[in-house]
Amino acid sequence: MIFIGVHSFAVGLEKGWDAVVQGLTSHWNSGSVEGRVNHIKMVKRQMFGRA
């Protein structure tokens, strides 16, 4: 049964191969944006007492 999941994953990678290559070779990244989003989520959790 695990092979079905691996096969589906591989088929998905093949369909979006150009995007995979671009994502792995591009110098651009969204690290600063992701960091800011995580910070905002942390502040929201603190506001609701779940930090």
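**Three helices and two surface patches**

Arginine 45 is found in helix 3, which covers residues 31-47. In this predicted model, that arginine is a convenient place to start, and the description then widens to the chain as a whole. With a relative accessibility of 36%, arginine 45 counts as partly exposed, because that class lies between the buried limit of under 20% and the exposed limit of over 50%. Arginine 45 also belongs to a group of charged residues: together with Lys41, Lys44 and Arg50, Arg45 forms a positive patch on the surface.

The overall architecture is easy to follow. The protein chain contains 3 helices and 0 strands, and read from the N terminus the order of its elements is α-α-α. How does the spread of the chain compare with that of a compact globule of 51 residues? Such a globule would have a radius of gyration near 10 Å, whereas the protein chain has 18 Å. Along the principal axes, the C-alpha atoms fill a box of roughly 45 × 35 × 10 Å.

Two pairs of residues help to picture these dimensions. Leucine 24 and valine 43 are 19 residues apart along the chain, and 31 Å separates their C-alpha atoms. For glutamine 22 and lysine 44, which are 22 residues apart in sequence, the separation between C-alpha atoms is 34 Å. Lysine 44 has already appeared above, as one of the residues of the positive patch.

The partners of these pairs on the N-terminal side can be placed as well. Leucine 24 sits in helix 2, and glutamine 22 lies in helix 2 too. Are these residues buried, partly exposed or exposed? Leucine 24 has a relative accessibility of 71% and so counts as exposed, the limit being over 50%. Glutamine 22, at 48%, does not pass that limit and therefore counts as partly exposed.

What share of the 51 residues in the protein chain is buried? The computed value is 0%. The accessible surface of the chain comes to about 5000 Å², and carbon and sulfur atoms account for 65% of that area.

Besides the positive patch, the surface carries a nonpolar one. Phe9, Leu13, Trp17 and Val21 make up this nonpolar patch, and their accessible area together is about 400 Å². Two elements, helix 1 (2-15) and helix 2 (17-25), each give two or more residues to the nonpolar patch. Phenylalanine 9, one of the patch members, has its place in helix 1. Its relative accessibility is 55%, so phenylalanine 9 counts as exposed.

Taken together, the model shows a chain of 3 helices with 0% of its residues buried. Its surface includes a positive patch with Arg45 among its members and a nonpolar patch that includes Phe9.

How values were computed. Residues numbered from 1 in each chain as written. Predicted model: local features only at pLDDT ≥ 70, side-chain atom pairs only at ≥ 80, totals over all residues. Heavy atoms only, no water. Helix = DSSP H or I, 4+ residues; strand = E, 2+ residues; numbered from the N terminus. Rg over C-alpha atoms; globule rule 2.2 N^0.38 Å. Buried < 20%, exposed > 50% of the residue type's maximum accessible area, 1.4 Å probe, protein only. Areas by Shrake-Rupley, 256 points an atom, 1.4 Å probe, with all protein chains shown as cover. Patch = residues over 30% accessible without salt bridge, like charges linked within 9 Å, V, L, I, M, F, W, Y side chains within 5 Å. Salt bridge = Lys/Arg side-chain N within 4 Å of Asp/Glu carboxyl O. Lys, Arg positive; Asp, Glu negative; His and termini not counted. Charge placed at Lys NZ, Arg CZ, Asp CG, Glu CD.
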